[in-house]
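Please look over the sequence and the model below before reading this report, which moves from one helix to the whole protein.

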Amino acid sequence: METVGILGGTERLRETLDGILPQCWRETMEILIAQAPRELDTRAPLELLAIFPKTSVGREEALPPCRLLLLPGTEAALISRCEASCAMSYGVSSKDSLTVSSLEADQVSIAVQRELVTITGGTVERQELILPVRGGLKPQPLLALVGLLLVLGVPPEQLTDLLEREMLAE
């Protein structure tokens with residue numbers, strides 16, 4: 001079973017993932033949601049550690065080892081505190097792997113600026129994704145969710161349907 005750690009996630013995020021991810025994936029994945037790294041009680045390295053926006057990590061607090069790390073580009077300094085094979089960032093900088101290229105009232109364009117590695121060993125190629133949004137949704141949490149889904153292996157072409165279905169379920 002693959003273990004995925006999510007720092008800064010909420011129970012609402014768990015519900016969203018339960019509503020989006022196929023049952024067969026949920027059966028092979030343990031998803032740990034925590035507010036601090038010390039709450040991620042892992043005995044083996046995580047397959048993926050995703051850090052959501054505005055997650056506070058103490059200055060000296062180590063991050064658990066992982067194969068893949070997804071974090072806000074503004075927190076790039078955390079890379080030095082985590083033993084990870086691959087790090088990917090999201091944010092508004094041209095240096096980020098995943099960024100918003102345009103935002104409108106009902107849709108957002110997200111640019112995959114560098115290949116993203118998935119937990120299944122595949123890659124998500126550079127591309128532009130046009131996705132639906134609801135009013136008031138902030139770009140950073142959306143980037144974190146889209147990045148998480150892509151790294152978990154959700155095909156980009158399925159994101160629109162999954163996000164629309166999730167927004168209707170709210």
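A residue counts as buried when its relative accessible area is under 20%, as exposed when it is over 50%, and as partly exposed in between (1.4 Å probe, protein chains only). The model is predicted, and local features need pLDDT of at least 70, side-chain atom pairs count only at pLDDT 80 or more, while totals for chains, interfaces and linings use all residues. Residues are numbered from 1 along each chain as its sequence is written, and side-chain values use heavy atoms, with hydrogens and water left out.

Helix H3 covers residues 139-152, where helices are DSSP runs (H or I) of at least four residues and strands are runs (E) of at least two, numbered from the N terminus. Eleven of the 14 residues of H3 are buried, among them Leu142, Ala144, Val146, Gly147 and Leu152. From its first C-alpha to its last, H3 reaches 20 Å, close to the expected 20 Å, a span defined as 1.5 Å times one less than the number of residues. After H3 comes Gly153, which has a positive phi near 110°.

The protein as a whole contains four helices and ten strands, and 46% of its 170 residues are buried. Its radius of gyration, taken over C-alpha atoms, is compared with a globule rule of 2.2 Å times the number of residues to the power 0.38. The value agrees with a compact globule, because a radius near 15 Å would be expected for 170 residues and the protein has 15 Å.

| Radius of gyration | Value |
|---|---|
| Compact globule of 170 residues | near 15 Å |
| The protein | 15 Å |
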